[in-house]
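Thanks for making room for me this morning. I would like to walk you through one model, so please have a look at it before I begin.

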Amino acid sequence: MSCDAVAFSAMLWMASFNPGQTTGPALAVAQAPAAPASVAGEPLFIDIVKRARQLKAQTEAYRAHLAKTDQAAAASPLKGFDAFAGRIGDLAALDMKGHVTLKERGAVDDLKCILRGISQDLPEKLTAVRAATTIKAQDLALRDMVYLLNDNVEVITAPPQPAA
C-alpha cells in the first residue's frame with residue numbers, strides 16, 4: 001500500500017470516529033496487490049535461466065584462466081570468445097522477448113523492466129570485455145558480466161513480488 005493510501009485510510013478512519021460511539025463502522029481495508037504468477041516454469045524463461053547459467057559458468061572459467069596470468073599484461077584472446085559473444089547476443093534477444101511477452105500480458109511487476117535492462121546491458125558488458133587492454137581490465141569486465149548473468153537467473157527464479 002502506498003503512503004498516500006495509508007494517509008487517506010487514516011483520514012477516513014479519523015473522520016468516522018465519534019467519541020460517543022462504542023463501536024465504529026467497519027473500515028474498508030485495502031488489500032495489498034497479489035504477487036504475480038511465477039514465470040520460472042514457462043519454457044521461454046526456463047531457456048533464459050539455462051543459458052544464463054551456462055554463460056556464467058563459461059565467464060567464470062575465463063576469469064579463472066586470467067587469474068593465472070600477470071594482471072598488468074596486455075589483454076589476451078579468450079578461447080572461443082566469438083561463439084561466447086554470439087550466445088550472449090542470443091541471451092539478450094531472449095531477455096527482450098521475455099520483456100515483450102510480459103508486457104503483452106499486461107504485467108505490472110518489475111520483472112519485465114529488469115529483463116529489458118538486462119537485454120540492453122549484456123551487449124554493453126560484452127563490449128567492455130572486448131575493449132579491455134590489460135588482463136586486469138579484462139577480468140573486471142568479465143566480473144561485471146558474471147554479476148549480470150547471475151542477476152538474469154535470480155530475477156526469474158526468485159518468488160514473484162507485487163508491484164511496488
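What is the mean pLDDT of the chain, pLDDT being the predictor's confidence in each residue, from 0 to 100? The mean is 86, and 77% of the residues reach 70 or more. Over residues 5-11, however, the pLDDT is below 50, and beyond near neighbours in sequence this stretch has 1 contact in the model, where contact means heavy atoms within 4.5 Å.

A word on the ground rules. This is a predicted model, in which local features need pLDDT of at least 70 and side-chain atom pairs count only at pLDDT 80 or more, while totals for chains, interfaces and linings use all residues. Residues are numbered from 1 along each chain as its sequence is written, and side-chain values use heavy atoms, with hydrogens and water left out.

Now to a pair of helices (DSSP runs of H or I, at least four residues, numbered from the N terminus). The axes of α2, residues 43-67, and α5, residues 135-157, come within 9 Å and cross at roughly 155 degrees, the axes being lines fitted to C-alpha atoms over the stretch in contact, with angles from 0 to 180 degrees between N-to-C directions. That makes α2 roughly antiparallel to α5, a label for angles over 145 degrees.

Within helix α5 we find Asp139, which counts as buried at 14% relative accessibility (buried means under 20% relative accessible area, with a 1.4 Å probe and protein chains only). Leaving aside neighbours within four places in sequence, Asp139 is in contact with Arg63, Leu66 and Gln71.

Notes: Helices (H or I, at least four residues) and strands (E, at least two) are DSSP runs, numbered from the N terminus. Angles under 35 degrees count as roughly parallel, over 145 as roughly antiparallel, 65 to 115 as roughly perpendicular and the rest as oblique. Buried means under 20% relative accessible area, exposed over 50%, partly exposed in between (1.4 Å probe, protein chains only).
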